[in-house]
Amino acid sequence: MRRLITLLALLVAPFAASQAFAADLPVMQGLFLLTDYPAQTVRAGEISTIRIKMQNSGLAPEAMALSLSGVPSGWKIDILGGGQPVASAMPGQNESVGLQLRVEVPKDAKPGSQQVVLSAKGSRLQSAELPLTLTVGTEAPAKLSLKSRLPSLRGTPRSAFEYSVTVGNDSGRDLTVALSAQGPANFQTTFTEGFGSNEISSIPIEAGQTKDIKIKVTPPRDVKAGDYPVLVKVAAEGATADLRVTLQISGQGRLALSTKDGRLSGEAEIGKASTYTLVLNNDGTAAVDEIEMAGTVPTNWKVEFNPKTIASLAPNEKREVQVMVTPADKAIAGDYVGSFRATARGESSVADFRITVTTSTLWGLAGIGIIAVALLVLLGAVARFGRR
Amino acid sequence: MLPRRGPRGSKREGSPFTGLGPVFMKEFADHLSSARMMVLMLFVIVFGAFPVAASLQQLRTVTEQDSYLFLRIFTSAPESLPISFVFALNFIIPIMAIGLGFDAVNSEFNRRTLSRVLSQPIYRDALLLGKFLGGLATLAVALAALWLIVFGAGLLLLGLPPRGVEVARGACFLLAAIAYGGVWLAASLLFSVIFRSTATSALCALGLWLFFFLLWPMIASAITIGFAPSQIHSAEQYLAVEQLGLVLARFSPGTLFSEAVVGLLNPETRTFASMLPAQMRGVIPGAPLPLDQSLILIWPQITGLIAGMIVVFAAAYVIFQREEVRA
């Protein structure tokens, strides 16, 4: 039975408390001057801004004249409202008006606390006061932080490495943060804003805020496989922060088909095989395996490669490939284009070859034979019918 | 030449070329100084000058790159005057050759000078050959002069020197033109041997020219159509019909000449017939052939012209040898 009563008491108690609190609220009538931090630190030779709110709770609106007292000599404190110097404020019923105190502390201000009182006086005996304690302190150093969610990315020399980093301003002032990055030679780094496309070199960050920036690192095309660190640095007013991001670059092979002297043309006689020497080069960063040679030539032509397939080609290795082209028997003399191809998985290279087809001079000899026959006929006529 | 036994048992002695030199020089000099030659030259220059002037005027406005620009003087047919220099030559050269050769032998007959000439130590062989070579040399001089005029005009008005290969192609073109003239000169010589009347000889030679120039293309196409199957089913069949038409057309020396000229002056020409689609694959269009390949391409045409010239001359020779010259 006792236990039941205790349980009931426990259930009822919160209700009673909340009802008492709700009943108290309308009693809070009056005019108040409020600020988040009534005791603040200011720095000598600098301007600080203190936010103040004038709250009118349940009173009729009234113009409140503002005044300051206890301002130390040499200090300059302005009352600002909406960015302008103001002398009075008038909050509506149950509304508030934002004010700012612009405190300009002289350079030679001595360390120590100063009491300043902001008072507001209405014409109908209403008044409010706000004592503020301003302590002249030594300067707190600027502080930056730098974080990355994915500090290590993997890709080929041709991929784009994009790192998202968060820069935080952990100091009490707005800072303009300069961005820089140190990478291996010929690595290109650019900074862009979180979702923007403009390249930036510095970014303003408000006190206590963070901003997302993107770093894009472009490695040179001929970079060898391996891990490459890039040191990202942010700096503002003597504060720095750095972060090491890593590029894991895996190699990629690249084929280039050409000839020894770069000349991509040749001659071929109709019906006869002509051999050209091609040079296959791997100017990528990884070996290329299972390379197959193929060619496209005009109809009825023959094309053969020696070797037809190459098992593997290491980076910077060259291999000569003989290609044998036989124009069709019925081909017509002139210039033709044929293309030779080296294909491996994911990699290929094409060389267009200009082939000048020539006819054999055999028929020319036949023509001379016909003229010779005609001359023989003439000589025969001379021998047969000549009159001397 | 060694002495041989003739058909009538008479002995032939001495070279048939004895007296060739004087006959050639005399004929050459006579032609060059004759009024007929002046008229022919005037005719040629007027007919040649118009197409050349028109094509030069058009070429001066050409802005695209053309590595054979100089050769276009010969072949381009401007819109204002739809004949090219080459086309003009195609019918001027026969007229010139006929004009030079139609009375070569029969005028000597009619003037009763033939027996007087032959009483000199000059054989009939040498007389006929000398007359032919004299005419051919005159023709060559006239054509070379015309050729030089065209090249000079091109240099002056285009302000660009021809490349070596262009000059070589132009020179081959000149040789082809002389060979073409030789055919017609031999033909007119043949008629001057056959007919005693110069008028008949000229008429026959011009008639033959008109036949080949106007009538033969029509006859050739009529024959081709007659032989063609009623329905053409394949490209090969079409090519066979086209080939027949080409072979027939090539009996005309004019066709041989114009094909030779096209091959020489349009270096892009690969063939005179159509190309099969299979042969067209991989072709680089507009790529010029090297000069030797162009020469191989037109070699049958050149051969035909030279062999035809020799055969026609041989016929004239045989007839002349069997003729009675005493009058």
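In this predicted model, strands β5 (residues 76-81) and β8 (residues 96-104) of chain A run antiparallel and are joined by five bridges. One residue pair can be named. Lys76(A) has Glu104(A) in β8(A) as its bridge partner.

These two strands belong to a wider sheet in chain A. The sheet is open and has five strands, in the order β1-β3-β8-β5-β6. Pairing within the sheet is antiparallel. β8 thus sits between β3 and β5 in the order. The edges are formed by β1 (30-34) and β6 (84-85) of chain A, each of which pairs on one side only.

Chain A also meets chain B. The contact involves 34 residues of chain A and 36 residues of chain B. On the chain B side, three elements give two or more residues each: α7 (124-158), α12 (277-280) and α13 (291-321). Helix α13(B) supplies the largest share, 15 residues. By residue type, the chain B side that touches chain A comprises 21 nonpolar, seven polar and eight charged residues.

Confidence varies along chain B. The mean pLDDT of the chain is 85. A value of 70 or more is reached by 95% of its residues. Among the elements of chain B, helix α8 (residues 164-194) has the highest mean pLDDT, 94. Strand β1 (residues 4-5) of chain B has the lowest, 44. That strand falls within residues 1-11 of chain B, where pLDDT stays under 50. For residues 1-11 of chain B, the model has nine contacts beyond four places in sequence. For the model as a whole, ipTM is 0.75 and pTM is 0.66.

Technical notes. Residues are numbered from 1 along each chain as its sequence is written. Chains are lettered from A and ligands numbered from 1 in the order in which they are written. This is a predicted model: local features need pLDDT of at least 70, side-chain atom pairs count only at pLDDT 80 or more; totals for chains, interfaces and linings use all residues. Two residues are in contact if their C-beta atoms, placed from the backbone, lie within 7 Å. Helices (H or I, at least four residues) and strands (E, at least two) are DSSP runs, numbered from the N terminus. Ala, Val, Leu, Ile, Met, Phe, Trp, Tyr, Cys and Pro count as nonpolar, Asp, Glu, Lys and Arg as charged, and the others, Gly among them, as polar. Two strands pair if DSSP finds at least two bridges between them. pLDDT is the predictor's confidence in each residue, from 0 to 100.
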